[in-house]
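Open the structure in your viewer and keep the selection tool at hand. The stops below are meant to be taken in order.

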Amino acid sequence: MTTPYEQPSDPAKRHSRAVTDGPDRAGARSMLKGVGFTDEDLAKPLIGVATTWIETMPCNLNQRDLAQDVKRGVREAGGTPLEFNTIAVSDGVAMGTEGMRASLVSREVIADSIELVARGHLFDGLVCLVACDKTNPAAVMALGRLDIPGLVLYTGSIAPGVFRGRDVTVGDVYEAIGAYAAGHMSAEELHELESVACPGAGACGGQFTANTMSTILEFLGLSPPGANGIPAAEDAGRLAVDLVRRDLRPRAIVTREALENAAASVSAMGGSTNGILHLIAIAHEFGIPFTIDDFDRVAARTPVLADMKPWGRFHAVDVDRAGGVALVARELAKQGLVHLDAPTVDGRSFGEVATAVRERPGQEVVRPIDDPIKPSGSLRILRGNLAPEGCVVKLTVDRKQHRGPARIFDGEPACFEAVKAGKIVAGDVVVIRYEGPAGAPGMPEMLQVTGAIIGEALGNDVALITDGRFSGATHGFMVGHVAPEAFRGGPIAALREGDTVVIDVPTGSLHVELSDDELSARLADWRPPEPHYETGVLAKYAALVSSASEGAVTRP
């Protein structure tokens with residue numbers, strides 16, 4: 001009798017043959033047969049199917065079901081799928097609590113765990129199902145490390161809820177918290193809103209971080225064009241096997257040109273400041289020099305074309321109905337603002353994807369390039385004596401300058417309480433520090449604070465500065481990612497109550513009106529606070545994490 005030991009190996013089993021082929025691997029095959037795989041299954045390329053399913057949020061809740069569709073596609077294309085799971089942390093649930101410190105840390109854990117499973121089991125290819133914020137960049141980072149054929153599929157945006165006749169998202173709930181604190185909304189109204197804002201599975205519906213990253217995934221070329229809005233899971237499974245047979249690897253797709261395309265998508269869609277942080281981290285994992293200054297050059301030339309929540313009119317599902325994010329690519333291509341020859345996982349060039357898009361007649365979501373919403377992106381990079389390594393400003397108001405007294409808060413909770421108590425007034429510069437990558441640790445996003453300020457009707461009249469993250473507010477003048485951070489002796493640590501802080505976007509400056517000598521003297525007297533954690537994952541992260549200006553990646 002002929003045994004499977006004597007059968008020639010499928011040439012596409014470039015990695016898995018070391019696990020499945022020959023008499024020496026009988027023990028491994030025995031274990032895999034205990035799972036239910038057959039000799040025929042193990043003779044095919046092994047495709048990992050990574051999900052980030054978790055029951056702590058709606059964002060990833062559909063992934064168990066979608067994984068079955070991916071696996072069906074893999075089998076139909078002649079591969080064998082092996083499903084595995086990793087973690088996720090919900091910003092929307094953790095916001096405003098100690099749990100938010102775990103959010104950015106989870107990006108590294110997710111990337112590490114996907115990398116470890118793929119390396120440990122020698123997969124020939126990989127499909128990563130992602131949704132909530134940190135799962136998106138983490139999957140790309142893992143693919144960059146592994147460089148095995150693979151793709152990332154975003155598993156869809158939540159539909160908007162309906163509150164008294166208008167569409168709403170969880171962002172509206174955070175603003176309503178501030179409105180309730182200011183006496184502009186009753187407890188009954190707030191409860192009614194929270195009960196309808198998230199009607200089912202899917203990631204947050206505005207152009208928050210999750211949908212910003214979904215757009216980035218398509219512009220990078222690592223998501224099948226047009227598939228993220230549906231999501232087309234079975235097609236993704238078939239495509240993964242095709243990538244393995246062609247040996248088309250992520251590092252052949254994610255180039256400097258692809259990163260510039262992705263940066264253009266953040267600006268054109270009015271996306272989250274987190275898009276910058278994650279793009280820099282992705283570039284690091286792919287070994288491509290790409291800095292915040294590179295992003296700034298792209299943002300300066302790229303107009304805002306999509307009229308998106310949280311500052312505009314439309315939700316992510318409206319983009320798909322209008323024709324998809326390729327509409328934005330088509331418009332940017334008309335003025336040479338994207339690289340059209342960049343490859344994508346489905347075999348077409350980025351330009352071919354842009355040309356093939358079908359626009360729904362009468363759509364108002366994406367504007368034509370000759371009639372943009374804004375002539376350049378809402379995210380810009382500033383430097384100055386408060387941010388020598390740089391910071392990110394998000395402009396959702398017409399003002400491009402602000403000068404005012406610093407209101408200092410060493411941590412988010414104290415600031416939130418001050419806002420609720422009505423202690424912040426027009427003209428203030430609200431400074432929240434010791435919330436950076438190492439100081440928090442984990443660089444929390446403070447949507448609760450921005451939402452409360454907007455709920456207090458102060459969004460147009462104050463500025464906010466942090467070494468943590470601000471994102472997702474409907475309007476306001478926000479500066480985040482200030483580097484170096486306070487915990488590591490950055491100049492923001494030297495600020496005192498009442499110091500005059502100046503934000504000047506036209507000159508790209510963030511500074512305090514103090515002499516260099518005074519700043520140096522204050523920093524000479526400064527001592528770092530005690531760390532929040534001395535053991536465990538957060539302590540390890542604080543010891544290893546780099547500056548926000550470098551993507552807050554961890555280094556040995």
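What follows is a walk through a predicted model, from one helix to the pockets, a cavity and the nonpolar cores.

**Helix H11**

Select residues 233–246, which form helix H11. The 14 residues should span 20 Å at 1.5 Å a residue, and the C-alpha atoms at the two ends are 20 Å apart, so the expected and modelled lengths agree. Now colour the buried positions of H11: Ala233, Ala236, Gly237, Leu239, Ala240, Val241, Leu243 and Val244. An α-helix has 3.6 residues a turn, so residues three or four places apart point the same way. What do the buried residues of H11 pack against? Show strand E1 (46–51), helix H4 (63–76), strand E3 (125–130) and strand E4 (150–154), and you have the partners. Before leaving, step to Asp247, just after H11, where phi is positive at about 55°.

**Core around Leu126**

Next, select Leu126, which is among the residues with the most contacts inside the largest nonpolar core. That core has 102 residues, and Ile114, Leu151, Phe219, Leu220, Leu259 and Leu332 are the others named for the most contacts. Leaving aside neighbours within four places in sequence, Leu126 is in contact with Ile47, Gly48, Phe84, Ile114, Leu143, Leu146, Ile148, Pro149, Gly150 and Leu151. Another core, of 40 residues, lies apart from this one; to find it, select Ile408, Ala486, Ile492 and Ala493, which are among its members.

**Met213 in helix H10**

Go to Met213, in helix H10. Is Met213 buried or exposed? Its relative accessible area is 0%, so Met213 counts as buried. Not counting residues up to four places away in sequence, Met213 touches Asp133, Asn136, Pro137, Gly275, His278 and Ile282. Add Gly271 to the selection: this residue is 58 residues from Met213 along the chain, yet the two C-alpha atoms are separated by 8.6 Å.

**Largest pocket**

Keep helix H10 (209–220) on screen and add helix H16 (316–322) and helix H18 (350–356); each supplies at least two residues of the lining of the largest pocket. This pocket holds about 450 Å³ of space. To centre the view, select Glu218, Gly229, Asp320, Gly324 and Val325, which are the closest to the pocket centre of the 28 lining residues. Coloured by class, the lining shows 13 nonpolar, eleven polar and four charged residues.

**Second largest pocket**

The second largest pocket has about 320 Å³ of space. Select Pro58, Gly92, Val93, Val170 and Cys198, the closest to its centre among 19 lining residues. Helix H5 (91–94) and helix H8 (170–181) are the elements that give two or more residues to this lining, and H8 supplies the largest share, three residues. By class, the lining of the second largest pocket has twelve nonpolar, six polar and one charged.

**Largest cavity**

How many cavities of 30 Å³ or more are there? The count is four. The largest cavity contains about 180 Å³ of space. Select Asp91, Gly92, Asp133, Cys204 and Phe208; of the 17 residues that line the largest cavity, these are the closest to its centre. H5, H8 and H10 each give two or more residues to the cavity lining. Nine of the residues lining the largest cavity are nonpolar, five polar and three charged. Gly92 was also selected for the second largest pocket, and Asp133 is a residue that Met213 touches.

Notes: Residues are numbered from 1 along each chain as its sequence is written. This is a predicted model: local features need pLDDT of at least 70, side-chain atom pairs count only at pLDDT 80 or more; totals for chains, interfaces and linings use all residues. Side-chain values use heavy atoms; hydrogens and water are left out. Helices (H or I, at least four residues) and strands (E, at least two) are DSSP runs, numbered from the N terminus. The expected span of a helix is 1.5 Å times one less than its number of residues. Buried means under 20% relative accessible area, exposed over 50%, partly exposed in between (1.4 Å probe, protein chains only). Contact means heavy atoms within 4.5 Å. On a 1 Å grid over the protein atoms alone, a cavity is a set of points where a 1.4 Å probe fits but cannot get out, and a pocket is an open set with protein on both sides within 12 Å along at least five of seven lines; lining residues have an atom within 4 Å of a point. Grid points are joined across faces, edges and corners, and a volume is the space filled by probe spheres set on the points. Ala, Val, Leu, Ile, Met, Phe, Trp, Tyr, Cys and Pro count as nonpolar, Asp, Glu, Lys and Arg as charged, and the others, Gly among them, as polar. A nonpolar core is a set of buried Ala, Val, Leu, Ile, Met, Phe, Trp, Tyr and Cys residues joined through side-chain atoms within 4.5 Å.
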